[in-house]
Amino acid sequence: MGRYLISFTILFTAFLTLSVPVASEIFTDSGLMDIPTGEVLKHGIFGVGVYAPFQNTTYFKRDPVVFRINFGMFDRIELGASHILPQDNDASRSFLGHVKAQLLNESGKIPNVAIGIDNLGDNVEQKWNTYHANSAYLVISKTFNLPRIHLISGHIGVGNHRFAFDERPIGLFAGVSTEVHPAFARGDIVLSLEFDGKGANTGLRYTADSGLQIALGVETLNKPEDMRHLVSVSWTNAQMLEQIDAAKRLARQAAKLASQAKTKSTKKEETPKK
């Protein structure tokens, strides 16, 4: 364990020192509205979609639209890519990469622990102040079973750049989330409240049984003059793979029952009559 923690410390420190200054991914498949969590996508799971922030200013000004894709590998690594499409067709575009690695998987009292870095790649124009290049972080997540509320997850982490405040080198972020499964929704709904290092945000994400995801959020609730509204539409194959796994389990169970019935029938036929 000691060697493991030393390796983790060295890796995380390297992430921090790599960073150079320029919110990041919104409603990622394994994150909340604007902050990462200690979870990663399982192997073979991916999500693809588009999101856009709208400023709370005259004419409801829209910030650049972003197309993204995230996918999981080996149940430990999550990779992502984003394509920022500016409002002005003549403006330059940016392609950014994201990587997250899960160090610990939640089990009993052990929480989910992950490190990552957002916005690797092209420099983002300074006027796109909703992005900060090479933002490294460490995050811990734990799920609790509370009375009446039932399952609720807490998330806390540290990071630089987009997580820092007032030019500080490192900032703190935190959030809580819960998942509900109302019968009328025919899917899952995740509610979240978070502090991303600069402001308070809240979000709602609906995932249909088909894998379609629709998310709405409000950013910087504590600063009405800077408030932004966020919209995301995406699709994930997680539900489809769960249905395939469920069908495989039923098929294996049916085959097992059929085999047991056949064995009993054979034994009965072989038993000599008295």
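**Figure 1. Make-up of the largest pocket's lining.** The lining of the largest pocket divides into nine nonpolar, 16 polar and eight charged residues. The model shown here, and in every view below, is predicted. The pocket is lined by 33 residues. D29, S30, E39, E179 and V190 lie nearest its centre. About 1,100 Å³ of space lies within this pocket.

**Figure 2. Elements that supply the lining of the largest pocket.** Four strands and one helix each give at least two residues to this lining. The strands are strand 7 (150–159), strand 8 (171–180), strand 9 (187–195) and strand 10 (200–208). The helix is helix 2 (238–270). Helix 2 gives the largest share, five residues.

**Figure 3. The barrel.** Twelve strands close into a barrel. Their order is 1-2-3-4-5-6-7-8-9-10-11-12, and the pairing is antiparallel. Neighbouring strands of this sheet are turned against each other by 20° on average, direction ignored.

**Figure 4. The hairpin of strands 2 and 3.** Strand 2 (residues 65–73) pairs with strand 3 (residues 77–85) in the antiparallel sense. Nine bridges link the two strands. Across this pairing, G72 stands opposite E78 of strand 3. Three residues lie between the strands of the hairpin. In the turn, F74 has a positive phi of about 60°.

**Figure 5. Strand 3 against strand 4.** Strand 3 also pairs with strand 4 (residues 94–104), again in the antiparallel sense. This pairing runs over eight bridges. E78 has K100 as its bridge partner in strand 4. On its other flank, E78 of strand 3 faces G72.

**Figure 6. Strands 10 and 11.** Strand 10 and strand 11 (residues 212–219) run antiparallel. Six bridges join them. One partnership links T202 to V218 of strand 11. Strand 10 also supplies at least two residues of the lining of the largest pocket.

**Figure 7. Two nonpolar cores.** The largest nonpolar core has nine residues. They are I26, F27, M33, Y51, V66, I84, L96, A215 and L230. Apart from this core lies another, of seven residues. Among them are I35, A114, Y137 and F173. V66 of the largest core falls within strand 2, residues 65–73. I84, a member of the largest core, falls within strand 3, residues 77–85. L96 of that core sits in strand 4, residues 94–104. A215, also of the largest core, sits in strand 11, residues 212–219.

Key: Residues are numbered from 1 along each chain as its sequence is written. This is a predicted model: local features need pLDDT of at least 70, side-chain atom pairs count only at pLDDT 80 or more; totals for chains, interfaces and linings use all residues. Side-chain values use heavy atoms; hydrogens and water are left out. On a 1 Å grid over the protein atoms alone, a cavity is a set of points where a 1.4 Å probe fits but cannot get out, and a pocket is an open set with protein on both sides within 12 Å along at least five of seven lines; lining residues have an atom within 4 Å of a point. Grid points are joined across faces, edges and corners, and a volume is the space filled by probe spheres set on the points. Ala, Val, Leu, Ile, Met, Phe, Trp, Tyr, Cys and Pro count as nonpolar, Asp, Glu, Lys and Arg as charged, and the others, Gly among them, as polar. Two strands pair if DSSP finds at least two bridges between them. A nonpolar core is a set of buried Ala, Val, Leu, Ile, Met, Phe, Trp, Tyr and Cys residues joined through side-chain atoms within 4.5 Å. Buried means under 20% relative accessible area, exposed over 50%, partly exposed in between (1.4 Å probe, protein chains only). Axes are lines fitted to C-alpha atoms, for helices over the stretch in contact, and angles run from 0 to 180 degrees between N-to-C directions.
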